[in-house]
Amino acid sequence: MRTRGKPDWEPDVATPSTPPSNGDVGVGQAVKEVTDRLKTILTLEIELAKLEVSRKIAAFAVGIAMLVAAAVFALYAVGFLLAALASGLDTWLPHWLADLAVGLGLLIVLVLPLALIGKKKLASPPVPKRAIHEAKLTSEALKKDDGA
């Protein structure tokens, strides 16, 4: 339960000590205090990042599981639709000819174009053109700075 003014989580780090109140703070003590506070802030930032990433990973995993389930059901649905198509053709054609027509139609209409498109996509290797261009520009800029 969240109370007013308090965070709903507690950090796992100790808070740094408060400086002496007599106004006689040395440079070493001030540096130590700043360093301790910086360490605390960095530790809290890391904890926050870990928490945020773990929540996003959990949501991502649920999304993947739902997509996999949808793909499985879609595969079964396609199978049933093709069986229904074959059964429908079975009223005018012999059973073997109806199954052959559905199989060849599926092969010609769906499988062949997908295979050709996939082969075309795999023909050219993925090259990071923008990254190579940026690396060349950076290299040229560094060479110009060295010559100056």
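**Figure 1. Three salt bridges are counted in this predicted model.** Each one is shown in a later view. The chain that holds them has three helices and zero strands. Read along the sequence, its pattern is α-α-α. Of its 148 residues, 3% are buried. The accessible surface comes to about 13,100 Å². Carbon and sulfur atoms account for 70% of that surface.

**Figure 2. Helix H1 runs from residue 27 to residue 89.** How far should its 63 residues span? At 1.5 Å a residue, the expected span is 93 Å. The end C-alpha atoms lie 91 Å apart, which agrees. Glu33, Thr40 and Ala86 are buried in H1. The cover over the buried residues of H1 includes helix H2.

**Figure 3. Asp36 and Lys32 form a salt bridge within H1.** The distance from N to O is 3.0 Å. The two residues sit four residues apart, about one turn of the helix. An α-helix has 3.6 residues a turn, so residues three or four places apart point the same way. Lys32 is partly exposed, with a relative accessible area of 45%.

**Figure 4. Arg37 pairs with Glu33 in a salt bridge.** Here N and O are 2.9 Å apart. Both residues belong to H1, and again they are four residues apart. Is each partner buried or exposed? Arg37 has a relative accessible area of 43%, so it is partly exposed. Glu33 has a relative accessibility of 8% and therefore counts as buried, because the cut-off is under 20%.

**Figure 5. Glu52 and Lys56 make a salt bridge, also in H1.** Their closest N and O atoms are 3.7 Å apart. The residues are separated by about one turn of the helix. Glu52 is partly exposed at 43% relative accessibility. Lys56, at 55%, is exposed.

**Figure 6. Helix H2 covers residues 95–123 and has a kink.** Its 29 residues should span 42 Å at 1.5 Å a residue. The end C-alpha atoms are 40 Å apart, which agrees. Where is the kink centred? The centre is Leu107, and the kink is about 35°.

**Figure 7. A nonpolar patch on the surface includes Leu107.** Leu107 is found in helix H2. Leu107 is partly exposed, with a relative accessible area of 44%. Other members of the patch include Trp96, Leu100, Ile108, Val109 and Leu114. Together, the patch residues have about 960 Å² of accessible area.

Key
Residues numbered from 1 in each chain as written. Predicted model: local features only at pLDDT ≥ 70, side-chain atom pairs only at ≥ 80, totals over all residues. Heavy atoms only, no water. Expected span 1.5 Å × (residues − 1). Bend = angle between axes of the 7 residues up to and from the residue. Buried < 20%, exposed > 50% of the residue type's maximum accessible area, 1.4 Å probe, protein only. Contact = heavy atoms within 4.5 Å. Patch = residues over 30% accessible without salt bridge, like charges linked within 9 Å, V, L, I, M, F, W, Y side chains within 5 Å. Areas by Shrake-Rupley, 256 points an atom, 1.4 Å probe, with all protein chains shown as cover. Salt bridge = Lys/Arg side-chain N within 4 Å of Asp/Glu carboxyl O.
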